Each structure stands twice: as C-alpha cells, then as structure tokens.
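Colleague: I'd like a close look at one part of this model: the aromatic side chains and whatever surrounds them. Take your time and talk me through it.

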Amino acid sequence: MATLTSAIKKAKKITGMEPIISGQFFYFDYKGYEVSFAQNGTEDSATCFYTKKIGLKDDYQSDYFAGCFHDNLTQAFRFLDRKN
C-alpha cells in the first residue's frame, strides 16, 4: 500500500506540478488526463487511483464513470503513457 506522502511526491515528480487538493482528494494533470487519488481516512496511505480525460464528467446517479480505476499510482501513469 502506497503512503500518501510518497504518492504525492511521485506524482509531483512525474507531472511537474503541485496537486490540486479538494478535501481528501489530490488531482494532477498529465498528458490531457486527470490523475487522482484519495487519502485513506486519517491514515498516511493513498487509495482510489483514478484516471479520466480532462473535461469528462462522472454521473453518479446513472453509475457512469468517465475514467477507470487502477491498483496503484504507477499503474495509472503507465496506463496513460501507453495511451499517448
């Protein structure tokens, strides 16, 4: 399990940007996509690694998710590297 601190550090290094923070969620822009993850409760661990194209919206009422979930941050960035 990735620590939140290491996930933020890794994402900053890969994207070259500071995170956009909204509550317990951290967002980064990368190659036209949004990479996000969340703090797992009050622990220093990251969870819910998610990627979606910038500008697309999830619709929770119809269970539509514009992106996809990943097991870890490395997998999320590799997925986007293969797409571009």
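Modeller: Let's start with what a patch is here: it takes residues with over 30% relative accessible area and no salt bridge, and nonpolar side chains such as Phe and Tyr are joined within 5 Å. Keep in mind that this is a predicted model. With that rule, Y60, F65 and F69 make up a nonpolar surface patch of about 370 Å². Hang on to F69, which sits in strand β5, as we'll come back to that residue.

Now the rings. In total there are eight aromatic pairs. One of them is F25 with Y27: the ring centres are 6.4 Å apart and the planes make an angle of 25°, so this pair is stacked. The cut-off for stacking is planes under 30 degrees apart, and centres have to lie within 6.5 Å for a pair to count at all. Both partners are partly exposed: F25 has 38% relative accessibility, and Y27 has a relative accessible area of 22%.

Here's where F69 returns. This ring pairs with Y50, with 4.6 Å from centre to centre and 40° between the planes, which makes the pair tilted. Y50 belongs to strand β4 (residues 46–53) and F69 to strand β5 (residues 68–70), so the contact ties together parts of the chain 19 residues apart in sequence. So F69 contributes to the surface patch, while its partner Y50 is buried, at 6% relative accessibility.

Y50 also leads us into the strands. Its bridge partner is S36, and the strands concerned, β3 and β4, pair in the antiparallel sense over six bridges. They form a hairpin with six residues between them, and in the turn G41 has a positive phi of about 65°. On the other pairing, strand β2 (residues 25–30) also runs antiparallel to β3, again over six bridges. That hairpin has two residues between its strands, and K31 takes a positive phi near 55°. Across this pairing, F28 stands opposite V35 in β3. How enclosed is strand β3 by the rest of the structure? Largely, because six of the seven residues in β3 (residues 33–39) are buried.

F28 has aromatic company too: F26, F28, F37 and F49 form one cluster.

While you're looking around here, a word on the cysteines. The disulfide count comes to zero. Why no bond between C48 and C68? The sulfur of C48 has its closest cysteine sulfur in C68, and the two are 13 Å apart, too far for a bond; a disulfide would need the sulfurs within 2.5 Å. Both cysteines are partly exposed, C48 with a relative accessible area of 39% and C68 at 27% relative accessibility.

One last stop is M17, in the loop between α1 (4–15) and β1 (20–22). This methionine is partly exposed, with a relative accessible area of 22%. From C-alpha to C-alpha, M17 is 9.3 Å from Y30, with 13 residues separating them in sequence.

If you want one thread to follow through the view, take F69: from the patch with Y60 and F65, step across the tilted pair to Y50, then over the bridge from Y50 to S36, and from there look along β3, with six of its seven residues buried.

Definitions and conventions:
Residues are numbered from 1 along each chain as its sequence is written. This is a predicted model: local features need pLDDT of at least 70, side-chain atom pairs count only at pLDDT 80 or more; totals for chains, interfaces and linings use all residues. Side-chain values use heavy atoms; hydrogens and water are left out. Rings of Phe, Tyr and Trp (its six-membered ring) pair if their centres lie within 6.5 Å; planes under 30 degrees apart count as stacked, over 60 as edge-to-face and the rest as tilted. Buried means under 20% relative accessible area, exposed over 50%, partly exposed in between (1.4 Å probe, protein chains only). Helices (H or I, at least four residues) and strands (E, at least two) are DSSP runs, numbered from the N terminus. Two strands pair if DSSP finds at least two bridges between them. Patches are made of residues with over 30% relative accessible area and no salt bridge: like charges are joined within 9 Å, nonpolar side chains (Val, Leu, Ile, Met, Phe, Trp, Tyr) within 5 Å. Accessible areas come from the Shrake-Rupley method with a 1.4 Å probe; for residues, only the protein chains shown count as cover. A salt bridge is a side-chain nitrogen of Lys or Arg within 4 Å of a carboxyl oxygen of Asp or Glu.
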